[in-house]
Amino acid sequence: MAFEQSQVPAFRAASMTDLSAIRTLEVVEFEHLAYPYFVLRQLFEVHGSDWMVAEDNGEVCGYVLTAIGPEGSAWFLGFAVAGHCRGRGYGRALLETALEHCRTSQVDQVFVTVRPGNRAARHLYKEVGFVWTDHEHDYFGADEPRDVLVRKLYH
């Protein structure tokens, strides 16, 4: 009798070898706003120990790039789940795993930006406790508006 593949991804800390897969997801999901590989590489040097990835059948299918600052706050600088893994709870579980990492790292609040029209992302962030805090029309440059959301953490 054959064993079925697990329907639950593995969540783990990102490693240097994950950068290519993260970059690929970045390009697919964020197109012209994707982080270039060299930026991911340098961000990894500074914040990589706080990054999380989701693996499905041995392949990176999602990530959260977390930057923890010195004043008890953090930013999710990037978050994506591959299209073929959406709708299966991977994104929510990945965000909750990253939030728990922030909580154990004594972070008080986590920020993230989202395109105002991205209803799916807004809904997911709301489900895990993020609330709207600000809007900037040109956050990522001309005509690239973002809403800023925050999630307060309690230890």
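This report walks through the overall fold of a predicted model and then looks at how two of its helices pack.

## The chain as a whole

Let's start with the secondary structure. The chain contains 4 helices and 7 strands. Read from the N terminus, these elements follow the order β-α-α-β-β-β-α-β-α-β-β. The chain has a radius of gyration of 15 Å, close to the 15 Å from the globule rule for 155 residues, so it is as compact as a globular protein of that length.

If you are setting up a box around the model, the C-alpha trace spans about 55 × 40 × 30 Å along its principal axes.

## Burial and contacts

Of the 155 residues in the chain, 41% are buried. Among contacts with a separation of 6 or more, 59% join residues that lie 24 or more positions apart.

## Where α3 meets α4

Two packed helices are described by the angle and the distance between their axes. Here the pair is helix α3, residues 90–104, and helix α4, residues 119–127. Their axes come within 10 Å and cross at roughly 45°. An angle between 35 and 65 degrees falls outside both the roughly parallel and the roughly perpendicular ranges, and α3 and α4 are therefore oblique to each other. The crossing of α3 past α4 is right-handed.

Which residues in α3 and α4 meet? On the α3 side they are Gly 91, Arg 92 and Leu 95, and on the α4 side Leu 124, Tyr 125 and Glu 127. Sorted by class, this contact has 3 nonpolar, 1 polar and 2 charged residues.

Key:
Residues numbered from 1 in each chain as written. Predicted model: local features only at pLDDT ≥ 70, side-chain atom pairs only at ≥ 80, totals over all residues. Heavy atoms only, no water. Axes fitted to C-alpha atoms, helices over the stretch in contact; angles between N-to-C directions. Helix = DSSP H or I, 4+ residues; strand = E, 2+ residues; numbered from the N terminus. Parallel < 35°, antiparallel > 145°, perpendicular 65-115°, else oblique. Left-handed = near helix turned anticlockwise from the far one by under 90°. Contact = heavy atoms within 4.5 Å. Nonpolar A, V, L, I, M, F, W, Y, C, P; charged D, E, K, R; others polar. Rg over C-alpha atoms; globule rule 2.2 N^0.38 Å. Buried < 20%, exposed > 50% of the residue type's maximum accessible area, 1.4 Å probe, protein only.
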